[in-house]
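Biologist: I would like to learn how to read sheets, burial and pockets from a set of coordinates. Could we take one case and go through it feature by feature?

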Amino acid sequence: MRVVHEPEGVARTLATEVDRAESALEQSRGLMFRRSIPDDYALVFPFDGVGRRFIHMLFVAFPLDVVWLADGEVQATKTMHPWRSVGWASADTVLELPAGAANGVSEGDTVVVE
């Protein structure tokens with residue numbers, strides 16, 4: 001599985017090592033308590049429909065780029081800092097990536113989890 005950013009028809013791989021947080025427990029834990037993640041890693045949070053999705057950095061020890069998607073279209077992106085950041089947007093999928101991995105990803109772009 002991989003995560004691909006497709007602005008204007010040009011594909012760029014954001015992550016090749018991808019995990020899915022599908023259960024409520026997996027989604028509530030996210031990346032908490034980990035010491036690090038690989039540079040080519042993404043954690044995907046799939047939801048049943050578009051709704052307000054809240055992400056916090058409590059117990060996350062490293063910075064992340066978070067991307068909120070609705071039907072594959074980027075709704076918002078935010079670089080979040082360890083222990084203190086919060087963010088939210090309407091989405092049916094949320095991606096957590098290492099900080100810097102989502103550079104160049106903008107609202108309205110297409111991001112696909114293959």
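Modeller: What follows is a walk through the sheets, two buried side chains and a pocket of this predicted model.

Biologist: Let us begin with the sheets. In what order do the five strands of the open sheet lie, and how do they pair?

Modeller: An order is read by stepping from each strand to its neighbour. Here the order is E3-E4-E7-E5-E6, and the sheet is open, with mixed pairing. Strand E3 (17-20) and E6 are at the edges; each has a single partner strand, so one side of each lacks a neighbour in the sheet. From one strand to the next the twist averages 25°.

Biologist: How many bridges join E4 and E7?

Modeller: E4 and E7 pair over 10 bridges, in the antiparallel sense. To fix the register, look up individual residues: Arg53 is opposite Ala89 in E7, and Phe54 is opposite Trp88 in E7.

Biologist: And what are the pairings of E5?

Modeller: E5 has a neighbour on either hand in the order E3-E4-E7-E5-E6. With strand E6 (residues 73-80), E5 pairs in the antiparallel sense over seven bridges. With strand E7 (residues 86-98), the pairing of E5 is also antiparallel, over six bridges. Val67 shows both contacts: Val67 stands opposite Thr77 in E6 and opposite Leu95 in E7. Another bridge partner to check in E7 is Thr93, which goes with Leu69.

Biologist: What should I look for in the hairpin of E5 and E6?

Modeller: Look at the residues between the strands and at their backbone angles. This hairpin has two residues between its strands, and Asp71 takes a positive phi near 55°.

Biologist: How do I judge whether a strand is covered on one face or on both?

Modeller: In a regular strand, side chains alternate between the two faces of the sheet. One therefore sorts the residues by face and checks the burial of each set. In E5, Leu64, Val66, Trp68 and Ala70 lie on one side, Asp65, Val67 and Leu69 lie on the other, and all are buried.

Biologist: Why is E5 described as largely enclosed?

Modeller: Seven of the seven residues of strand E5 (residues 64-70) are buried, so the rest of the structure largely encloses this strand. E7 is also largely enclosed by the rest of the structure, because 10 of its 13 residues are buried.

Biologist: There is also a sheet of three strands. Which strands are at its edges?

Modeller: The order is E2-E1-E8, in an open sheet with antiparallel pairing. Strand E2 (12-15) and strand E8 (111-113) are the edge strands; each has a single partner strand, so one side of each has no neighbour in the sheet. The twist averages 30° from one strand to the next. Between strand E1 (residues 3-5) and E2 there are three bridges, and the two run antiparallel. Val4 has Thr13 in E2 as its bridge partner.

Biologist: Is His5 buried or exposed, and what does its side chain contact?

Modeller: Burial is read against a cut-off, here under 20% relative accessible area. His5 is in strand E1 and has 3% relative accessibility, so His5 counts as buried. Its side chain makes a polar contact with the side chain of Asp109 at 2.7 Å.

Biologist: Where does Phe62 lie?

Modeller: Phe62 lies in the loop between E4 and E5. Phe62 has a relative accessible area of 10% and is buried. A sequence separation can also be set beside a distance in space: Phe62 and Ile37 are 25 residues apart in sequence, and their C-alpha atoms are 8.6 Å apart.

Biologist: Last, the pocket. What is the volume of the largest pocket, and which residues lie nearest its centre?

Modeller: A pocket is described by its volume and by its lining. The largest pocket has a volume of about 210 Å³. Its lining has 15 residues, and Gln27, Ser28, Phe45, Phe54 and Ile55 lie nearest the centre.

Biologist: Which element gives the most to the lining, and how do the lining residues divide by type?

Modeller: E4 gives the most, with six residues. Helix H1 (24-29) and strand E4 (41-56) each supply at least two residues of the lining. By type, the lining has eight nonpolar, four polar and three charged residues. Phe54, one of the residues nearest the pocket centre, is also the residue opposite Trp88 in E7.

Definitions and conventions
Residues numbered from 1 in each chain as written. Predicted model: local features only at pLDDT ≥ 70, side-chain atom pairs only at ≥ 80, totals over all residues. Heavy atoms only, no water. 1 Å grid on protein atoms, 1.4 Å probe; cavity = no way out; pocket = protein on both sides within 12 Å on 5 of 7 lines; lining within 4 Å. Points joined across faces, edges and corners; volume = space filled by probe spheres on them. Helix = DSSP H or I, 4+ residues; strand = E, 2+ residues; numbered from the N terminus. Nonpolar A, V, L, I, M, F, W, Y, C, P; charged D, E, K, R; others polar. Buried < 20%, exposed > 50% of the residue type's maximum accessible area, 1.4 Å probe, protein only. Pairing = 2+ DSSP bridges. Axes fitted to C-alpha atoms, helices over the stretch in contact; angles between N-to-C directions. Polar contact = N/O pair within 3.5 Å; in protein donor to acceptor, adjacent residues only side chain to side chain.
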